[in-house]
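Trainee: Got a minute? I'd like to walk through this one with you.
Mentor: Sure, bring it up.

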Amino acid sequence: DLNVKTIFALGPATQDCLTPTVLEACQLNLQVVVLKDAIGNVGQTVDILQDLSQAGGILATAQNFELH
């Protein structure tokens, strides 16, 4: 057990890789932050983001986070 509670999701292949990963992580009761400015498939992104949000994903942008 790695004691992981939150994951950040990003990547170029939104529908093929990102979506199943986010959905499974939400089913495992992990907090999932989807960085909507760091994902691909721009033409389909709006519908996909809505689905991920409804599944429990938290939509954010990289600018929402301050790096230290």
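**Chat about the model**

Mentor: Start with Asn3, which lies in the segment before S1. Keep in mind that this is a predicted model.

Trainee: OK. What is the phi of Asn3?
Mentor: Positive, about 60 degrees, although Asn3 is not a glycine.

Trainee: Why point that out?
Mentor: Because most residues other than glycine have a negative phi.

Trainee: Is Asn3 buried or exposed?
Mentor: Exposed. Its relative accessibility is 54%, and the cut-off for exposed is over 50%.

Trainee: Which residue in the loop between H1 and S2 should I look at?
Mentor: Try Asn29, which is found in that loop. Asn29 has a positive phi too, about 65 degrees, and is not a glycine.

Trainee: And is Asn29 buried or exposed?
Mentor: Exposed, with a relative accessible area of 69%.

Trainee: New topic: the sheet. In what order do the strands come?
Mentor: S1-S2-S3. These 3 strands form an open sheet, and the pairing is parallel.

Trainee: Which strands stand at the edges?
Mentor: Strand S1 (6-11) and strand S3 (58-60). Each has a single partner strand, so one side of each is left without a neighbour in the sheet.

Trainee: How many degrees are neighbouring strands turned against each other?
Mentor: On average 30 degrees, with direction ignored.

Trainee: How many bridges join S2 to S3?
Mentor: There are 3 bridges, and the two strands run parallel. For a spot to look at, find Val33: it stands opposite Ile58 in S3.

Trainee: What does H2 touch on the sheet?
Mentor: H2 packs on the sheet and touches S2 and S3. The direction of H2 makes about 170 degrees with that of S2.

Trainee: Now the inside. Which residues make up the largest nonpolar core?
Mentor: It has 11 residues in all. Ala9, Leu18, Val22, Ala25, Cys26 and Val32 are among them. So are Val34, Ile39, Ile48, Leu49 and Leu52.

Trainee: Which elements give two or more residues to this core?
Mentor: Helix H1 (14-27), strand S2 (31-39) and helix H2 (45-55).

Trainee: Where does the largest share come from?
Mentor: From H1, with 4 residues.

Trainee: Last one. What does Ala25 touch?
Mentor: Leaving out residues up to four places away in sequence, Ala25 touches Ile7, Leu30 and Val32. Ala25 and Val32 both belong to that core.

Conventions. Residues numbered from 1 in each chain as written. Predicted model: local features only at pLDDT ≥ 70, side-chain atom pairs only at ≥ 80, totals over all residues. Heavy atoms only, no water. Core = buried A, V, L, I, M, F, W, Y, C linked by side-chain atoms within 4.5 Å. Buried < 20%, exposed > 50% of the residue type's maximum accessible area, 1.4 Å probe, protein only. Contact = heavy atoms within 4.5 Å. Pairing = 2+ DSSP bridges. Axes fitted to C-alpha atoms, helices over the stretch in contact; angles between N-to-C directions.
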